[in-house]
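Trainee: I am new to this structure and should like to go through it step by step. May I put my questions to you in turn?

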Amino acid sequence: MKFFVDTADINDIRELAETGLLDGVTTNPSLIHKSGRKFMEVVEEICRVVPGPVSAEVVAADHAEMMREAEVLRKIADNVTIKVPLTIDGLRTCKALTSDGTMVNVTLCFTANQALLAAKAGATFISPFVGRHDDIGFDGMEIISDIRMIYDNYDFQTQILVASIRHPIHVLESAKIGADVITAPPSVIRQLFKHPLTDRGLEAFLADWGKTGQSIG
């Protein structure tokens with residue numbers, strides 16, 4: 001499973017990229033706003049740090065304007081993935097862009113039927129939002145299971161990119177279901193490293209090593 005980080009904070013991206021575990025980055029207008037920086041500048045810098053797909057979202061609502069914005073965005077770098085909303089215009093734009101060889105991430109997916117439409121439109125990635133479903137009392141992971149089954153039934157090549165991840169359990173369940181990608185905030189990715197028994201074990205090993213009076217090298 002691929003790991004993307006959902007942020008526009010270049011410091012977090014650099015730190016996680018240095019682990020060798022980061023496969024890509026997703027951004028959105030809200031994350032860009034939070035960074036306090038210019039949109040094009042942020043995306044360009046991220047693309048230099050991470051060689052994998054970097055999602056940059058159009059903000060237009062109609063197909064013609066989406067295509068115009070996409071033309072600007074995909075000139076930033078070869079690894080830019082155009083992010084479009086799951087609307088009729090968004091899917092029309094998706095079809096046009098993927099037919100031309102551009103990676104497209106269809107976002108704001110909340111049903112398996114929507115995911116089916118995105119796959120038929122040739123989406124590179126589909127981004128179902130599990131956390132937002134959990135917020136309204138629905139198990140968001142059920143949608144991931146449904147999408148996985150549908151895509152496997154018809155051998156769709158669209159990658160399931162699980163979004164709106166709130167905690168490590170979402171990551172675990174996504175992996176068990178067979179999702180292709182997860183995108184999570186830096187804080188959630190860092191939680192995956194942590195376990196109290198790992199910390200205690202390391203403390204014990206270091207304490208015992210200190211008692212030997214030895215050094216390596």
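The exchange below concerns a predicted model.

Trainee: How many helices and strands are there in the chain?
Mentor: This is a predicted model, and the elements are numbered from the N terminus. The count for the chain is 11 helices and 8 strands.

Trainee: What box do the C-alpha atoms of the chain fill?
Mentor: The box is taken along the principal axes of the chain. Its dimensions are roughly 70 × 35 × 30 Å.

Trainee: What percentage of the residues of the chain count as buried?
Mentor: A residue is buried when its relative accessible area is under 20%. The chain has 217 residues, and the share of them that count as buried is 45%.

Trainee: How many disulfides does the structure hold, and why?
Mentor: A disulfide needs two cysteine sulfur atoms within 2.5 Å. For the sulfur of Cys-94, the closest cysteine sulfur belongs to Cys-109 and is 12 Å away, which is too far for a bond. Seen from Cys-109, the closest cysteine sulfur is that of Cys-94, again at 12 Å. The number of disulfides is therefore 0.

Trainee: Are Cys-94 and Cys-109 buried or exposed?
Mentor: The relative accessible area of Cys-94 is 0%, and Cys-109 also has a value of 0%. Because buried means under 20%, Cys-94 is buried and Cys-109 is likewise buried.

Trainee: How many salt bridges does the count come to?
Mentor: Side chains of opposite charge can pair when their charged atoms come close. The rule asks for a side-chain nitrogen of Lys or Arg within 4 Å of a carboxyl oxygen of Asp or Glu. By this rule the count is 15 salt bridges.

Trainee: In which helix do Glu-44 and Arg-48 both lie?
Mentor: Their side chains meet in a salt bridge, with an N to O distance of 3.7 Å. Glu-44 is partly exposed at 41% relative accessibility, whereas Arg-48 is exposed at 59%. The two residues are 4 apart, about one turn of the helix, and the helix is H3 (residues 39-49).

Trainee: How many residues apart are Arg-74 and Asp-100?
Mentor: The side chains of Arg-74 and Asp-100 form a salt bridge of 3.2 Å, N to O. This pair links distant parts of the chain: Arg-74 is in the loop between helix H4 (63-73) and strand S4 (80-85), and Asp-100 is in the loop between helix H5 (88-99) and strand S5 (104-109). Their separation along the chain is 26 residues.

Trainee: With which residue does Asp-135 form a salt bridge?
Mentor: The closest N and O atoms of this pair are 2.8 Å apart. The pair links distant parts of the chain, with Asp-135 in helix H7 and its partner 31 residues away in the loop between strand S7 (159-162) and helix H9 (168-177). That partner counts as partly exposed at 39% relative accessibility; its name is Arg-166.

Trainee: Which residues are linked in a network of salt bridges?
Mentor: Arginine and glutamate residues make up this network. Its members are Arg-14, Arg-37, Glu-41 and Glu-45.

Trainee: Which residues form a negative surface patch?
Mentor: Asp and Glu count as negative. One member of the patch, Asp-134, has its place in helix H7 (residues 130-135) and is partly exposed at 30%. The full set is Asp-134, Asp-139, Glu-142 and Asp-146.

Trainee: What is the area of the nonpolar surface patch made by Leu-21, Leu-192 and Phe-193?
Mentor: Phe-193 lies in the loop between helix H10 (186-191) and helix H11 (196-212). With a relative accessible area of 49%, Phe-193 is partly exposed. The patch that Phe-193 makes with Leu-21 and Leu-192 has an area of about 280 Å².

Trainee: What is the phi of Leu-108?
Mentor: Most residues other than glycine have a negative phi. Leu-108 lies in strand S5 and is partly exposed at 33%. Its phi is nevertheless positive, near 60°.

Trainee: Where is Ser-164, which has a positive phi although it is not a glycine?
Mentor: The phi of Ser-164 is about 55°. Ser-164 is buried, with a relative accessible area of 14%. Its place is in the loop between S7 and H9.

Notes:
Residues are numbered from 1 along each chain as its sequence is written. This is a predicted model: local features need pLDDT of at least 70, side-chain atom pairs count only at pLDDT 80 or more; totals for chains, interfaces and linings use all residues. Side-chain values use heavy atoms; hydrogens and water are left out. Patches are made of residues with over 30% relative accessible area and no salt bridge: like charges are joined within 9 Å, nonpolar side chains (Val, Leu, Ile, Met, Phe, Trp, Tyr) within 5 Å. Accessible areas come from the Shrake-Rupley method with a 1.4 Å probe; for residues, only the protein chains shown count as cover. The place of a charge is taken as NZ of Lys, CZ of Arg, CG of Asp or CD of Glu. Buried means under 20% relative accessible area, exposed over 50%, partly exposed in between (1.4 Å probe, protein chains only).
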